[in-house]
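I opened this model to look through its pockets, its cavity, its salt bridges and its nonpolar cores. My notes follow in the order I worked.

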Amino acid sequence: MIDAARLDGAVAAMFRAVGSAPAEAALIARHLVGADLCGHHSHGVGLVAGYIAAVARGDLVLNRQIETVRDHGTLLVFDGGRGAGAAMGRAAMERGIARAKAEGHALVALRDSHHLGRIGAWAEQCAAAGLVSIHFVNVPSHAAVAAFGGMAARLGTNPFTAGFPREGAAPLIVDFATSRWAVGKVQVARRKGERLPPGILLDAAGRETDDPTALYGPPPGALLPFGEHKGFGLALAVELLAGAMTGGLTQDGTPSSAITNSMFSIIIAPEALGTGYHRWVEAALAWVASERGVRLPGEPEEEVRARRLREGIPLDRMTWQELEAAASSLGLAGPWAAVG
């Protein structure tokens, strides 16, 4: 169990050591630790070693400033140039939030960012500003999900996210991959030596398997889409919205070592519609949650976040060892050891 603030500081130190400016290193650390805080280890500090390796390969370009490709009315198009996703995503949302507040809505296209991490964080950023948002993200560099009826990877995990601000309550955040599991969640199971539930993964021969290592091969297996043809259809729509609409890459079978994302976001100021948004949101949520046992999207994350801020963040042994090894390679073994 590791204190969140100490972990945040140690991760930021690692990124400063590989050349990230202090402000950017702090954003990266906050984004990764934030995912662990709300229980999504698939997008947490277990990615640090991979990010650092990506810097060495040139797949992650540190200290990149977001580039404005088009700024016309309520339409904003940005190029991330493989910059750190924590910085590219935040900058794109800041610009989109400002435009939505001024104009009532904004369409934001961000292409070719390095890994954007937990997309729910960008919906939370918009909701904190009082704005509704919808986000579509593709993963053009990493096909990991089979098409419905197929056996080989053809699409990324292509998350869909929507955020709804509330008055006097945490926002409603709907955030999920269009595959049955995220790749990172399979990686967490592999690190822990756990088997997968049925219906998650196919091996390279197209046979269902509970072995998480089958996803990585060689040759690699493939995750299944959630909801059969419905999840596949949504994943394909996300691919086109995030990839084609932004001018970023779409899946075409070209392999790449880089974990890149493109994101298409719709940001709306609900008061601009003049429809009594908050009244109707609360009425709907009160009705849906009135049945015993029902939990609203985002509630489990809020509960986990509160508990881990009090008690610390649990990390599995493999993740801890990878972090120690990465820190040691950067000459940070002493400061890192102090975290534990």
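**Second largest pocket.** I sorted the lining of the second largest pocket by class and got seven nonpolar, three polar and six charged residues. The model is predicted. I put the space in this pocket at about 320 Å³. It has 16 lining residues, and R30, H31, G34, R90 and A121 are the closest to its centre. I then asked which elements supply at least two residues each of this lining. They are α2, α4 and α5 (120-128). Helix α2 gives the most, with seven residues.

**R90.** I followed R90 from the pocket to its salt bridge. The side chain of R90 meets that of E94, at 3.4 Å from N to O. Both residues sit in helix α4 (residues 85-103), and being four residues apart they are separated by about one helical turn. I checked exposure next. R90 has 33% relative accessibility, so I count it as partly exposed. E94 is partly exposed too, at 42%.

**Cavity.** I searched the whole structure for cavities of 30 Å³ or more and found one. The largest cavity has a volume of about 60 Å³. I listed its lining: I28, H31, L32, Y51, L60, A84, G85, A86, H114 and H115. Two or more residues of this lining come from each of α2 (22-37) and α4. Again I noted α2 as giving the most, here with three residues. How many charged residues does the lining of the largest cavity have? I found no charged residues, against six nonpolar and four polar. H31 appears in this lining, and I had already noted H31 among the residues closest to the centre of the second largest pocket.

**Salt bridges.** My search of the whole structure gave 15 salt bridges. I looked at R111 and D79, whose closest N and O atoms are 3.0 Å apart. R111 is in strand β3 (residues 105-114) and D79 in strand β2 (residues 75-79), so this pair ties together parts that are 32 residues apart in sequence. Is D79 buried or exposed? I read a relative accessible area of 17% for D79, which is under the 20% cut-off, so D79 is buried.

I took E282 and R166 next. Their closest N and O atoms are 2.8 Å apart in a salt bridge. E282 belongs to helix α8 (residues 277-288), while R166 is in the loop between β7 (160-164) and β8 (172-176), so the pair links parts 116 residues apart in sequence. Neither is buried by my reading: E282 is partly exposed at 26% relative accessibility, and R166 is partly exposed at 22%.

I also found a network of salt bridges, made up of R57, D59, R82 and D112.

**Nonpolar cores.** I turned to the cores last. Nonpolar side chains tend to be buried together in soluble globular proteins. The largest core here has 49 residues. I picked out the members with the most contacts inside it: F15, I28, V45, V48, M93, V108 and M263. I noted a second, separate core of eleven residues, with A144, V145, I200 and L201 among them. I28 ties two of my entries together, as a residue of the cavity lining and as a member of the largest core.

Finally I listed what V45 touches, leaving out residues up to four places away in sequence. The list is L7, V11, L32, V33, D36, L315, T319 and L323. I had met L32 before, in the lining of the largest cavity.

Methods:
Residues are numbered from 1 along each chain as its sequence is written. This is a predicted model: local features need pLDDT of at least 70, side-chain atom pairs count only at pLDDT 80 or more; totals for chains, interfaces and linings use all residues. Side-chain values use heavy atoms; hydrogens and water are left out. A nonpolar core is a set of buried Ala, Val, Leu, Ile, Met, Phe, Trp, Tyr and Cys residues joined through side-chain atoms within 4.5 Å. Buried means under 20% relative accessible area, exposed over 50%, partly exposed in between (1.4 Å probe, protein chains only). Contact means heavy atoms within 4.5 Å. A salt bridge is a side-chain nitrogen of Lys or Arg within 4 Å of a carboxyl oxygen of Asp or Glu. On a 1 Å grid over the protein atoms alone, a cavity is a set of points where a 1.4 Å probe fits but cannot get out, and a pocket is an open set with protein on both sides within 12 Å along at least five of seven lines; lining residues have an atom within 4 Å of a point. Grid points are joined across faces, edges and corners, and a volume is the space filled by probe spheres set on the points. Ala, Val, Leu, Ile, Met, Phe, Trp, Tyr, Cys and Pro count as nonpolar, Asp, Glu, Lys and Arg as charged, and the others, Gly among them, as polar.
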